[in-house]
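Subject: Structure handover

Hello,

Here is the structure I said I would pass on. Please open it alongside this message, since the notes below refer to it throughout.

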Amino acid sequence: MAPFRILSFDIECAGRKGHFPEPTHDPVIQIANLVTLQGEDQPLIRNVMTLNSCSPIVGVDVMSFDTEREVLLAWRDFIREVDPDIIIGYNICKFDLPYLIERAQALKIAEFPILGRIRNSRVRVKDTTFSSRQYGTRESKEVTVEGRVQFDLLQVMQRDYKLSSYSLNSVSAHFLSEQKEDVHHSIISDLQNGNAETRRRLAVYCLKDAYLPQRLLDKLMFIYNYVEMARVTGVPISFLLSRGQSIKVLSQLLRKAKQKNLVLPNVKQAGSEQGTYEGATVLEARAGFYEKPIATLDFASLYPSIMMAYNLCYCTLVTPEDVRKLNLPPESVNKTPSGETFVKSNLQKGILPEILEELLAARKRAKADLKEAKDPLEKAVLDGRQLALKISANSVYGFTGATIGQLPCLEISSSVTSYGRQMIEHTKKIVEDKFTTLNGYEHNAEVIYGDTDSVMVQFGVSSVEEAMNLGREAAEYISGTFTKVYFPYLLISKKRYAGLFWTKPDKFDKMDTKGIETVRRDNCLLVKNLVNDCLHKILIDRDIPGAVQYVKNAISDLLMNRMDLSLLVITKGLTKTGDDYEVKAAHVELAERMRKRDAATAPNVGDRVPYVIIKAAKGAKAYERSEDPIYVLENNIPIDPQYYLENQISKPILRIFEPILKNASKELLHGSHTRSISISTPSNSGIMKFAKKQLTCIGCKALLGKGNHTLCPHCKGREAELYCKTVTHVSELEMLFGRLWTQCQECQGSLHQDVLCTSRDCPIFYRRKKAQKDMAEAKLQLDRWNF
DNA sequence: AGCTGGTTGACAAATTTTTAATTGC
DNA sequence: CTGCACGAATCAAGCAATTAAAAATTTGTCAACCAGCT
């Protein structure tokens, strides 16, 4: 089979000054294209189509046109000529493609939207919303281009990875360690209206936006993984991006049923009946800091195994009446702990167990092949396949429990979970019964925690090796698997713990954290870093005083206003539309305010909203104090360090330190380091509007009388010293700013041009802006000496 | 009339409940 | 063949758990008020 032809593209359009571009008014000014053959590193074609003249770019075919109509038609012809199988880009489904179509409509170019592989078939655009528990609610557009798969990397990222920001910039930084500049749309117009040189600059941005999605596609091997998934589950690739999990299971069911000459019933929607059933058991967590190794016993793919072992399926479920009528012998049926009855496989083999058997067998084969594979490409293919098979196996159970689905069957799902509950309780009991001093073991084993398919056991031994041996013995005894040991282990509560992860006795593999702030996206970076570094110091370095000192320094820095704004940005997802929220929340209110400022760039449903908490009147709710970080930076609004200390840092830190340190609260949050509070910059809102700013002495901050601009009489004698100090301060800040500026220039790839980037996701951007503000302020101080 | 003790209502503080976000398995 | 109006059909893996913030409710406090007693 010929390799796929992949087109990556990006468009730039010029909005009227200060407005986000709209297809009815604003022209498309540039389109950048990259065409690549699947599996090859270098693109076949690199080109840019641009309105008005543009200076040449090395290695790129630059096509300048005089009218927008020519640009659009050139692109249409280009698509038809290249005839790509897959069209990729970043946010192309919601922005680039619909924009081109609608723009062509506005310009009345009727012959433009014929881009697919069906002759004379026009591209159609439709608004859609997708909503599921797993992926959340998201508004998008459906663009039909026959014969070409649209593979929008934004959608892929949002589905496959949980990130705190999904901007192309932030995603590229995360996966490719490569930044891109974020240029505000108002600047795009300026560059377009400049000269051939500024348009060249714009073209370079545009090309980069087409290049990065291509890099992501290669690096993360999406084509392999998605093609494998499509093959295994039997759905088109577009379904994997536009539909949910259940269509995959349904497709497999249909395929299997067809083989067996069966048909699936058309189950009517059960109305508003939202039946729910009992799920898995989570064992009570004995919270604490464990300095002895903790062994983890678990059952590999528990739910699929249960369904296979007990032959649970739609076609094996019988009612008590059936049992009587058909006179089924008791040895031919299983009664599940939840009270349902299923016939055994000798009478009727279930379809679901059969699907699962095949999936798991195929996964086993893929894993075996993976071990033998040498070629990295082949490895990638096989790893993608085995992962796809695992996910498929796990979602079969979920499908039967989906009450608003095609074929719900709560009898199956509740039976699965009831067996699961029985197994974990049973495991806990026999481990604690067997490994006792009475039975000749050195210590009594204690189950300290367990969730769904795993139990954490403290055997009481102090070496990792002994714990591993006992773990293996126990696993054999309960016919489960033994995988790992945690040592040391910090158990905070159910679903929240951290520990060093050992799979071999000589060295730990990594630090593993579950459920706590380091892995949650709704915390600011400050909290994430702080918790992570503390855990590192406590678990790996075993240096508790060091961790305490570290926290104190961080708190002191925060209160002194020395904290970088990028560390204080909190992000939360906007999960529903504004009116559906019943209570006011910080990110929802901010999104609403931003909508009023500029409707086009405000966050939408499904987007994540970044915000910081600013100073305000005492007693103001958090939702009244949330603000856009960029806005805060530009308008010099003071943030509220106290909020970050009390509402962000304090509780997570205490949860970690409480099991380790007595008086943790006193030690960490009320020490002398919390008294070094900086004088806040006066807010330009509320009562402060009426306060007059008075000059203070540069030496000692005492208020100065009239006609006195620099020093109070007391400091008069130190003139030379203080002047030097101010000069040094300014030059230090100038150097810092210069360094950051150069860094941004390097990022944009040129040291000879102005920096235009305003990326919300880039820490350098925040620091550069702050350095700029500080420098301006310091210069103002210096100017006072000239009086 | 003046004092006392109890009641009441307004408001603040404390506590509980609800809502939303997010993760574990 | 396209565009438009209208109606019908389709679609969405699961539960358990923690945490923070807002909203609702209870509790506490204090002053004003009033009736009864000395």
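What follows covers the chain as a whole, then the two DNA strands, then two helices.

The model is predicted, so local features need pLDDT of at least 70 and side-chain atom pairs count only at pLDDT 80 or more, while totals for chains, interfaces and linings use all residues. Residues are numbered from 1 along each chain as its sequence is written, chains are lettered from A and ligands numbered from 1 in the order in which they are written, and side-chain values use heavy atoms, with hydrogens and water left out.

Chain A

Chain A has 23 helices and 22 strands (DSSP runs numbered from the N terminus: H or I of at least four residues for helices, E of at least two for strands). The C-alpha trace spans about 105 × 75 × 55 Å along its principal axes. Of the 787 residues, 48% are buried, meaning under 20% relative accessible area with a 1.4 Å probe, protein chains only. The exposed area of chain A is about 39800 Å², with 52% supplied by carbon and sulfur atoms (Shrake-Rupley method, 1.4 Å probe). Taking contacts (heavy atoms within 4.5 Å) between residues at least 6 apart in sequence, 65% join residues at least 24 apart.

DNA strand C

Strand C is surrounded by 35 residues, the closest being Thr276, Gly279, Ile404, Lys584 and Tyr643; a residue is near a strand if one of its heavy atoms lies within 4 Å of it. Sugar and phosphate make up 81% of the atoms of DNA strand C that come within 4 Å of the protein. By residue class, the surface near this strand holds 10 nonpolar, 15 polar and 10 charged residues (nonpolar: Ala, Val, Leu, Ile, Met, Phe, Trp, Tyr, Cys and Pro; charged: Asp, Glu, Lys and Arg; polar: the others, Gly among them). β6 (124-132), α13 (376-401) and α20 (641-657) each supply at least two residues of that surface, and α20 gives the largest share, four residues.

Polar contacts here are pairs of N or O atoms within 3.5 Å. Polar side-chain atoms of Arg243 and Tyr643 lie 3.2 Å and 2.8 Å, respectively, from a phosphate oxygen of DNA strand C. Gly279 instead uses a backbone N or O atom, 2.8 Å from a sugar or linking oxygen of the strand.

DNA strand B

For DNA strand B there are 22 surrounding residues, and the closest are Asp453, Tyr497, Thr575, Tyr581 and Glu582. Sugar or phosphate accounts for 89% of the strand B atoms within 4 Å of the protein, and bases for the rest. The surface near DNA strand B divides into four nonpolar, five polar and 13 charged residues. A polar side-chain atom of Thr575 lies 2.2 Å from a phosphate oxygen of DNA strand B, and one of Tyr497 lies 2.7 Å from a phosphate oxygen of that strand. For Gly573, a polar backbone atom is 3.1 Å from a phosphate oxygen of DNA strand B.

Two helices

α15 (residues 464-478) reaches 21 Å from its first C-alpha to its last, close to the 21 Å expected at 1.5 Å times one less than its number of residues. Its buried residues include Val464, Met468 and Ile478. They pack against β11 (294-298), α14 (410-434), β17 (481-493) and β18 (496-502). Ser479 follows α15, with a positive phi near 50 degrees.

α9 (residues 246-259) reaches 20 Å, close to its expected 20 Å. Among its buried residues are Ile247, Leu250 and Leu253. The buried residues of α9 pack against α7 (222-233), α8 (237-242), α12 (351-372) and α13.

Regards

Methods:
A polar contact is a pair of N or O atoms within 3.5 Å; within protein, one must be able to donate a hydrogen and the other to accept it, and residues adjacent in sequence count only if both atoms are side-chain atoms. Buried means under 20% relative accessible area, exposed over 50%, partly exposed in between (1.4 Å probe, protein chains only).
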